[in-house]
Protein chains: 2
Amino acid sequence: MRWKGDELMERQIYPLNAAICAAAAVVGKKESEGPLGGEFDLHDVDDRFGQDTWEKAESEMQRRALSLAIDKSGLGAEGIDLLLAGDLLNQCIGSAYGHLEFGIPFLGLYGACSTSVEGLLLASLLVGEGRASAAAVVTSSHNCAAERQYRFPIEYGGQRPPTAQWTVTGSGAFIVMPADRSPADSVLVVEGMVGRVVEKGIRDANNMGAAMAPAAIDTLTRYFDASGTCAEDFDLIVTGDLGREGSAILCELMAAEGFSLGDRHTDCGRLIYDPLTQDVHAGGSGCGCCAVVTAAHFLPRLRRGEMRDILVMATGAMMSPDSVKQGQPIPAVAHLVRLQAPRGEN
Amino acid sequence: MRWKGDELMERQIYPLNAAICAAAAVVGKKESEGPLGGEFDLHDVDDRFGQDTWEKAESEMQRRALSLAIDKSGLGAEGIDLLLAGDLLNQCIGSAYGHLEFGIPFLGLYGACSTSVEGLLLASLLVGEGRASAAAVVTSSHNCAAERQYRFPIEYGGQRPPTAQWTVTGSGAFIVMPADRSPADSVLVVEGMVGRVVEKGIRDANNMGAAMAPAAIDTLTRYFDASGTCAEDFDLIVTGDLGREGSAILCELMAAEGFSLGDRHTDCGRLIYDPLTQDVHAGGSGCGCCAVVTAAHFLPRLRRGEMRDILVMATGAMMSPDSVKQGQPIPAVAHLVRLQAPRGEN
């Protein structure tokens, strides 16, 4: 499990000096009916959000999530200097169309399902260096838009194998400020690590967990090695959407690397749906999965001091339907941020 | 031409402390036959770069461009701490597959044809703050891959209207270092401005110039207003790929805003092909256009002191074929960097 460039590991952990002062999560019907349903800010009963196409609905989710997060922050759109956003749709149109009304300088990101943490990391770097007084991060995915883009329109009723995951309908938004200027109850972003693109020969587009687990292992072993920490040093190690399959691979191979995760690992894709009643096979996935679970589930727990120190690592599979049809294996990337409870609670 | 958030303009120019120490441009056959043909590092006579699909050829162009730029920098892949890359292909597979062998921590960007300057701006911010000792920026586009994704496969022989542009087959790569640690002949990146997403009702996917010009105007007027500069203060104001149509709109509307560009404006999309002999209609476009022309044409002139101070502003149309089919107008974004000749030449 060693790749080129390991000699650089020491300097690949970024100390960050940022804090998440507000966040919002907007989800679809199925997500609202899941185990975390009561924690999300907003859901729509038909997943359309008042729009006439699924793609427009995704943009509308991003707009509402950002709008809510800005409201919670009390900063107003004019107080946000930078917006970092991305999604899974071709040419990231969920983000491009979602934020037109805000007029905030915009940096588009593409990291597949790792985009939320890619955005948090970059936003934290930039606000921590005084390059923005506040930055917003927004990502999204929509099940019906993703299904017809990556697989088949939902009307087709395609069968899904047990390793397949269910793309989350949801958008999460975060407002990031410099740690020393954010409200006292802000969740701190204290470290980050940029992932490397890793490809281990997985070609099954219905088994994203297996494709993404090697990227998670690469980032997590590099982080543990460089920081001298191990799983026991954290309340939780949260992955974005490895699902049941990818989580099992992660835990097994991390143990083989000498880093047992024990009971510290959890996965947003496993938390968001009830496996017994919601028929999602290996769990949730999508650009919105890690974003809404982090925003609605983990941040409040950190803010209340119920957890003090967690790693959040979003994983993205960087293939397209074209690359899969052309027989290419699936590369993946995993970005990591370390979140801590507000200092008063620490 | 005023949008929300104008009161923030003053702080939206980023002072940068970075330099481009090496760059490389890899292009296709048509580009090698154009007016700048002799300036590119490498071209392939059949645009395939040894691959069996256009998409794989695009990844291979990115790989070769990065490899060449790293060679020129003398840093080795292990000396590059961060890679920022993007392209036009669905899910940015040009970038995801192009850099697997390097093992460099990877931040995926999506800004359509603005991605090269988005990357230069972010890389310059990060190296200038000491967050990377060197960062690479790579973008690409491939005419045959773009045609079949956005319009029709080239075998179809679709007719193109006069306002249509020709997607450049090419990939540009840049190595960015902190200004005070880069070689003496490095081109300085002294300022940057992040664009806002602007949409002015253009729905014609065969007239990208018209869709992108308003974004260029937004960024350039904000830059001039905030910096107190005007066109005469620069040797050139370079846009990425507005083409003939978008360039005319830019010059006309900037003049109406009180900022005449006079003879200082040029456009990479107009420089790269010969309009009389190469039948490209309104000019070149694509994620690779601004990248290869900047890397091969403008950086050497700055390095030799033939120019001292230029603005490079890449413009991106943020639509997708789906958003166009759904009747949505075309939003665009334009990011700006200010490049200066090496200090010794200034």
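What follows is a short conversation about a predicted two-chain model.

Colleague: Happy to look at this with you; how are residues, chains and ligands numbered or lettered, and what pLDDT do local features need?
Modeller: Residues count from 1 along each chain as its sequence is written, while chains are lettered from A and ligands numbered from 1 in the order in which they are written. The model is predicted, totals for chains, interfaces and linings use all residues, side-chain atom pairs count only at pLDDT 80 or more, and local features need pLDDT of at least 70.

Colleague: Which rotation superposes chain B on chain A?
Modeller: Copies are fitted by least squares on the C-alpha atoms of residues with pLDDT of at least 70 in both. The fit has an RMSD of 0.0 Å and a shift of 0.0 Å along the axis, with a rotation of 180°. The two copies are thus related as by a two-fold rotation axis.

Colleague: In chain B, which C-alpha is nearest the axis?
Modeller: The distance to the axis is 2.1 Å, and the residue is Leu109(B).

Colleague: Which helix of chain B gives the most to the side that touches chain A?
Modeller: Residues are in contact if their C-beta atoms, placed from the backbone, lie within 7 Å. The contact takes 55 residues from chain B and 55 residues from chain A. Helices here are DSSP runs of H or I with at least four residues, and strands are runs of E with at least two, numbered from the N terminus. With four residues, the top contributor on the chain B side is helix 4.

Colleague: Where are the domains of chain A, and how many Å separate their centres?
Modeller: An automatic or database domain assignment sets the bounds. Chain A has domain 1 (12-180) and domain 2 (184-341). Taken over C-alpha atoms, their centres are separated by 17 Å.

Colleague: Which strand of chain A gives the most to the side of domain 1 that touches domain 2?
Modeller: The contact takes 57 residues from domain 1 of chain A and 60 residues from domain 2 of chain A. Giving twelve residues to the domain 1 side, the leading element is strand 1 of chain A.

Colleague: Is Ser227(B) buried, exposed or partly exposed, and why?
Modeller: Ser227(B) sits in helix 6 (residues 208-227) of chain B. A residue is buried with 20 or more other C-beta atoms within 10 Å of its own, exposed with 12 or fewer, and partly exposed in between, with C-beta atoms placed from the backbone. Because Ser227(B) has 16 C-beta neighbours inside 10 Å, it counts as partly exposed.

Terms used:
Two residues are in contact if their C-beta atoms, placed from the backbone, lie within 7 Å.
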